[in-house]
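Subject: Structure handover

Hello,

Here is the structure you asked about. Please look through it before reading the notes underneath.

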Amino acid sequence: MINKKKREILHNQGFILLNNVIEKKKIKLIKKEMMSVMAQFDYNKKSYKKNKNKIDFLFENISKNKFLRSNIYKSISHLQSLYDLCSSPKIKKILKFLKFTSPRQLGTSIFAVEPNNENFLLLPHQDIRNNFSSKKAFNFWFPLSSGKKLGGIGIYPGSHKFGPLKHSVIKDKKKVVIKKKILDKLKKPVLIENFKVGDVLIFSPYTAHFSIKNNGNKVRWTCATCIDDPSVSPHFTKKFNPFKKKIYYK
C-alpha cells in the first residue's frame, strides 16, 4: 500500500498513486446512493433497466435541467458514504504513516467529467482556496469509474515545494489558473490517466494540477477530499488559516 519509499516520493514529487486501497463494494454502495438521489426525477425506466451504465444514464437525464443538475451536485458531494472513505482502515493507516496526529477532513466533492466535454475541465491551479487550518495537508482522490480513454489529471512534480502560487481569474470562463510566467518555471507535467476503481491518488493541495480531457464513452466520476492536521498550526494564536488566500487570486 504505502511504504517509506512511496512516502519519500510523495514528499519529493508532491503526489503518489496507490492501487487497490478501497474495496470495490464500497464504491458500488456510493454509486447506488448517488443514483437514488438522481432517480427521484422523471426518466425512462424501461431504457434505464436495459442500460448497462445506469449512473451515467440518470446523470444525463438530470443534466437536461441546469438548476436540477446543480442541486444534485451539491447534495451528492456530501453523502455520508463519501466521508466514510477516509475512515476506512487502510486510509487511516496511510494517514498514520504520513504522521498525521489529528486528521481533519475539510469536506468532499464529486467530479463528473463527461466525454468530449471541455466546459468543466480545470486549468493548471492549486487547491489553496480550501479553508485550511494547517499547511500540512493532502488531497485524496478516489476514482468511482474505470475505462479506456477517460483522461485523468496532469500534475507538475515538485511544484508543492513553492507553497501558494499566484493565480489569475479568467472571468469569461469563471476559472482560475496559475500565471503563465510561473508555470514556465515548473517541471514538465506528468499525466496520470485512466484510474481504476479502488485506487487512490494522494497529492499536496499545493501541487499544481489540471484536468485531462475525457475521450472515452462514459463519465469519469471521482470523489475528492482534503485532509489537514491542525496539530501542526502554531499560527492559531493570531489567525485560523496559515496564509492569506485572497492575495493569491488576482
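The notes below cover the pockets, one helix, the cysteines and a few backbone details.

Please keep in mind that this is a predicted model.

Pockets

The largest pocket encloses about 860 Å³ of space. Its lining is made up of 30 residues, and those nearest the centre are Phe-111, Leu-122, His-125, Asp-127 and Arg-129. Four strands each give two or more residues to this lining: S2 (104-113), S3 (137-143), S6 (175-178) and S10 (220-228). The biggest share comes from S2, with 5 residues. By residue type, the lining of the largest pocket splits into 12 nonpolar, 11 polar and 7 charged.

For the second largest pocket, the volume is about 460 Å³. It is lined by 19 residues, with Tyr-73, Ile-110, Phe-111, Ala-112 and Phe-120 closest to its centre. Phe-111 is thus listed at the centre of the largest pocket and also at that of the second largest. At least two lining residues of the second largest pocket come from each of helix H5 (66-76), S2, strand S4 (152-155), strand S9 (209-212) and S10. This lining consists of 11 nonpolar, 5 polar and 3 charged residues. If you set up a grid around either pocket, note that S2 and S10 contribute to the lining of the largest one and to that of the second largest.

Helix H4

Helix H4 spans residues 54-62 and is mostly covered, with 7 of its 9 residues buried. The buried residues are Ile-55, Asp-56, Phe-57, Leu-58, Phe-59, Asn-61 and Ile-62. They pack against helix H2 (24-38), helix H3 (45-50), H5, S2 and S10. Of these partners, H5, S2 and S10 also supply residues to the lining of the second largest pocket.

Cysteines

There are 0 disulfides in the structure. Cys-223 takes part in none, and the nearest cysteine sulfur to its own, in Cys-86, is 7.3 Å away. Why is Cys-226 not bonded to Cys-86? The two sulfurs are 9.7 Å apart, which is too far for a bond because a disulfide needs them within 2.5 Å. Cys-86 holds the closest cysteine sulfur to that of Cys-226. Cys-223 is buried, at a relative accessible area of 0%. Cys-226 has 5% relative accessibility and so counts as buried, the limit being under 20%.

Backbone details

Two residues other than glycine have a positive phi: Lys-99, near 65°, and Asn-116, at about 55°. Lys-99 sits in the loop between helix H7 (89-97) and S2, and Asn-116 is found in the loop between S2 and S3. Are these two buried or exposed? Lys-99 is exposed, with a relative accessible area of 57%, and Asn-116 is exposed as well, at 51%.

Helix H1 (residues 4-13) has something to report at its start and just after it. At the start, a side-chain oxygen of Asn-3 comes to within 3.2 Å of the backbone nitrogen of Lys-5. Just after the helix, Gly-14 adopts a positive phi of about 90°.

Regards

Conventions. Residues numbered from 1 in each chain as written. Predicted model: local features only at pLDDT ≥ 70, side-chain atom pairs only at ≥ 80, totals over all residues. Heavy atoms only, no water. Buried < 20%, exposed > 50% of the residue type's maximum accessible area, 1.4 Å probe, protein only. 1 Å grid on protein atoms, 1.4 Å probe; cavity = no way out; pocket = protein on both sides within 12 Å on 5 of 7 lines; lining within 4 Å. Points joined across faces, edges and corners; volume = space filled by probe spheres on them. Nonpolar A, V, L, I, M, F, W, Y, C, P; charged D, E, K, R; others polar. Contact = heavy atoms within 4.5 Å. Polar contact = N/O pair within 3.5 Å; in protein donor to acceptor, adjacent residues only side chain to side chain.
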